[in-house]
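Me: Please give me a close look at a single part of this model. Pick a place where helices pack, and then set it against the rest of the chain.

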Amino acid sequence: QPATTSRLSIAKFTSKKVVEEQHDLKTVVDNLIRIFYRSNDTLRSGYLLTLGFLLEYYLDSIDADDLDWAVLTIMTIPQEPNFQQLSFEEQTSWRTKISAVLRRHIFANLPEQKLISVANALIKSCGGLESGSKSDLEIQIILEETNHVLNNLGAALVALRDEAITCATVNLRHSSFAVRVAAANILVTVSAAVPAVAVDFVRNALNNAKAQASQLASMDFTGEELATDEDSGTMTPSPRRKTAKEMEKLQRMYYFHGHAIVMAMILRNVVRIPDGLNYDEILQALDFGLSMMSNDLYAAPATSKNVLCSIVRAGALIVSSCISVGYEVSQLRLRQILDTCSKIFHLGEADPQVVKAEEMVYEVMCIESAVVCIYNLLQYSTESLALDGTCLITVIDHLEVCFRNLKNKYQPVYRSHFRFRTLHVILLESFALLPP
């Protein structure tokens with residue numbers, strides 16, 4: 001059939017005659033997805049692969065509009081109610097399968113012009129009002145595939161630079177952490193392809209994060225009701241309808257975290273940036289991260305400990321990313337990094353009989369963030385520690401104190417808790433990285 005009609009032929013063979021029916025692309029794709037929803041897991045995988053091979057076979061004859069529609073339709077699979085009832089692990093598995101079909105059968109076989117068209121359609125679908133009806137998982141898939149297409153475009157993504165930046169910035173304040181990470185990844189990809197924008201991204205992210213952190217520090221959280229999360233043993237906002245003040249707090253937290261993630265991910269990928277980053281920008285981010293880690297968890301009221309803990313962890317994310325740049329950066333702030341981590345490790349000296357269970361979880365999370373910084377020092381800046389024997393001794397002392405608290409204080413209470421296990425693994429890896 002002509003490329004402009006995008007029609008497919010399906011032949012039904014009987015003992016008497018052949019009945020040939022004409023179906024357009026949209027009808028076939030809709031029917032396959034409808035059958036996909038009604039099938040079990042094994043058949044679902046088969047129908048998804050069938051859809052991928054079908055679209056790959058007709059890529060040359062499908063016009064741009066129909067192709068954009070087909071890609072977006074495949075990404076609506078997570079909206080199906082039964083799909084949303086799956087466990088997190090099952091949803092992650094299907095997200096991987098959907099991505100594999102799109103990347104192998106469609107994106108890998110498209111010319112540049114059609115890739116730009118598909119990327120533009122993806123950006124429009126999750127960068128404006130249309131994203132309001134989409135689930136978190138669907139937005140995450142769209143952003144991840146947008147990032148993949150932009151990576152494939154390379155320098156040609158400059159045609160979509162403004163649209164990509166706008167889409168990513170909008171989703172930096174999304175309530176889902178995975179969506180914020182996917183949005184930050186898009187900015188990293190743009191930074192790697194377009195010269196001179198990385199500095200602006202880091203500078204803007206730093207200024208916005210500072211503004212949100214300042215506002216959060218000045219907010220009054222008294223009177224905010226908390227309810228216990230039975231799974232984690234932590235205190236979380238109760239399921240009642242949130243007040244305007246609580247909604248403002250959440251929005252500021254999401255926006256703060258989004259910009260912290262942008263800084264951290266660009267710093268982690270600084271080698272991909274054509275013109276790199278100057279040390280002034282990196283040191284400003286490092287100093288900001290250290291100031292966030294310096295917040296005293298036990299000096300805050302109970303209703304704001306979750307906010308403070310989150311700020312400390314975001315600060316550690318920025319600091320560890322700055323450390324990963326290398327020796328030239330970490331050696332300029334080595335003593336400040338170790339002093340800040342030391343203050344956090346002292347949280348473990350609090351009497352477990354006095355500390356409430358939910359506060360001890362925040363304590364574990366803060367100590368975990370400090371251990372991550374030590375781990376990055378050992379991995380990326382061993383030279384700076386080796387050149388100063390007192391610093392290496394300090395690191396070893398901190399790790400020993402942390403391990404002792406882990407065994408004596410946290411293990412009896414949180415032996416099966418994932419936060420305890422995470423801290424345990426990172427701590428053991430840090431010991432493994434110690435120089436001989």
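Reply: What follows starts with the whole chain, moves to one helix, and then looks at other places for contrast.

This is a predicted model, where local features need pLDDT of at least 70, side-chain atom pairs count only at pLDDT 80 or more, and totals for chains, interfaces and linings use all residues. Residues are numbered from 1 along each chain as its sequence is written, and side-chain values use heavy atoms, with hydrogens and water left out.

The protein chain holds 19 helices and four strands. These are DSSP runs numbered from the N terminus (helices: H or I, at least four residues; strands: E, at least two). The chain has 436 residues, and 50% are buried. Buried means under 20% relative accessible area, exposed means over 50%, and partly exposed lies in between (1.4 Å probe, protein chains only). Take the contacts with a separation of 6 or more: 74% of them join residues 24 or more positions apart. A contact means heavy atoms within 4.5 Å.

Now the close look, at helix 11. It spans residues 244-268 and packs on helix 12, residues 279-293, at an angle of about 135°. The two axes are 12 Å apart. Axes are lines fitted to C-alpha atoms, for helices over the stretch in contact, and angles run from 0 to 180 degrees between N-to-C directions. Helix 11 and helix 12 are therefore oblique to each other. Under 35 degrees counts as roughly parallel, over 145 as roughly antiparallel, 65 to 115 as roughly perpendicular, and the rest as oblique. The crossing of helix 11 and helix 12 is left-handed. That applies when the near helix is turned anticlockwise from the far one by less than a right angle; clockwise makes it right-handed.

Which residues make this contact? Helix 11 brings Phe256, Met263 and Leu267. Helix 12 answers with Ile282, Ala285, Phe288 and Met292.

Stay on helix 11 for Tyr254. Tyr254 counts as buried, because its relative accessibility is 18%. Setting aside residues up to four places away in sequence, Tyr254 touches Leu172, Arg173, His174, Ser175 and Arg180. Ser175 is 79 residues from Tyr254 along the chain, yet their C-alpha atoms are separated by 6.1 Å.

For contrast, look at helix 6 (residues 112-126) and helix 8 (residues 161-171). They pack at about 30°, with axes 9 Å apart. That makes helix 6 roughly parallel to helix 8. Asn120, Ile123 and Cys126 of helix 6 meet Glu163, Ala164, Cys167 and Asn171 of helix 8. This crossing is left-handed too.

Single residues tell their own stories. His105 sits in helix 5, residues 88-106. His105 is buried, at 2% relative accessible area. Beyond neighbours within four places in sequence, its contacts are Leu49, Gly52, Phe53, Glu56, Leu59 and Ala100. Ala196 lies in the loop between helix 9 (177-193) and helix 10 (197-218). Ala196 is partly exposed, at 45%. Its phi is positive, about 75°, although Ala196 is not a glycine.

Last, the cysteines. How many disulfides are there? The count is zero, where a disulfide is a pair of cysteine sulfur atoms within 2.5 Å. The closest cysteine sulfur to that of Cys366 is in Cys309, 4.0 Å away, so it is too far for a bond. Cys373 has its closest cysteine sulfur in Cys341, at 4.7 Å, again too far. Cys366 is buried at 1% relative accessibility, and Cys373 is buried at 0%.
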